[in-house]
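Work through the exercises below with the sequence and the model open. Try each task before reading its solution.

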Amino acid sequence: MAKLMETKLGNIDISEDVIATISGAAAIECYGLVGMASRKLSDGVSGLLKRENLSKGVIVTLQEDELIIDLNIIVGYGVKISEVASNVMDRVRYTVETMTGLKVSEVNVNVQGVRFLE
């Protein structure tokens, strides 16, 4: 399902995959984040995704006028998990709202693992 926005010049459809890619790219830039984890348990809970697969660690749900983003992340060992999660939430919300013009109602962060920072 895509998000339809109507403007005076026409309609804009933004797919969930686009929002997921934007979210993953914004999240990976945060300090303390090692990478995105797979969203499917069959792929391995703490499986680290490569940069081209960032959207696979993101679940986007569109309901009415609500946009809910769930992120599955892997944090670096020795960082404060609550700070990393808070930074990821803020950055993803800001980036998605700025780039798409959509209102993000929730950004949920699921920490799937801890890895040593490289």
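A contact means heavy atoms within 4.5 Å. The model is predicted, so local features need pLDDT of at least 70 and side-chain atom pairs count only at pLDDT 80 or more, while totals for chains, interfaces and linings use all residues. Residues are numbered from 1 along each chain as its sequence is written, and side-chain values use heavy atoms, with hydrogens and water left out.

**Exercise 1. The chain as a whole**

Find the pattern of helices and strands along the sequence, and the share of contacts made by residues 24 or more positions apart.

Solution.
1. Helices (H or I, at least four residues) and strands (E, at least two) are DSSP runs, numbered from the N terminus.
2. The chain has two helices and six strands, arranged in sequence as β-β-α-β-β-β-α-β.
3. Among contacts with a separation of 6 or more, 63% join residues 24 or more positions apart.

**Exercise 2. Ile19 and the core**

Is Ile19 buried or exposed, and which residues does Ile19 contact beyond its neighbours within four places in sequence?

Solution.
1. Buried means under 20% relative accessible area, exposed over 50%, and partly exposed in between (1.4 Å probe, protein chains only).
2. Ile19 lies in helix H1 and is buried, because its relative accessible area is 0%.
3. Its contacts outside that window are Ile14, Val60, Leu67, Ile69, Val96 and Leu102.
4. Val96 is 77 residues away from Ile19 along the chain, yet their C-alpha atoms are separated by 6.9 Å.
5. A nonpolar core is a set of buried Ala, Val, Leu, Ile, Met, Phe, Trp, Tyr and Cys residues joined through side-chain atoms within 4.5 Å.
6. The largest nonpolar core has 29 residues, and Leu67, Ile69, Leu71, Val88 and Val92 touch the most other members.
7. At least two residues each come from H1 (16-28), S3 (33-36), S4 (58-63), S5 (66-76), H2 (81-100) and S6.
8. H1 gives the most, with six residues.
9. In soluble globular proteins, nonpolar side chains tend to be buried together.

**Exercise 3. Phe116**

Where is Phe116 found, and why does Phe116 count as exposed?

Solution.
1. Phe116 is in the segment after strand S6 (104-115).
2. Phe116 counts as exposed because its relative accessibility is 64%.

**Exercise 4. Buried share**

What percentage of the 118 residues in the chain is buried?

Solution.
1. Apply the cut-off for buried residues, under 20% relative accessible area.
2. Buried residues make up 39% of the 118 residues.
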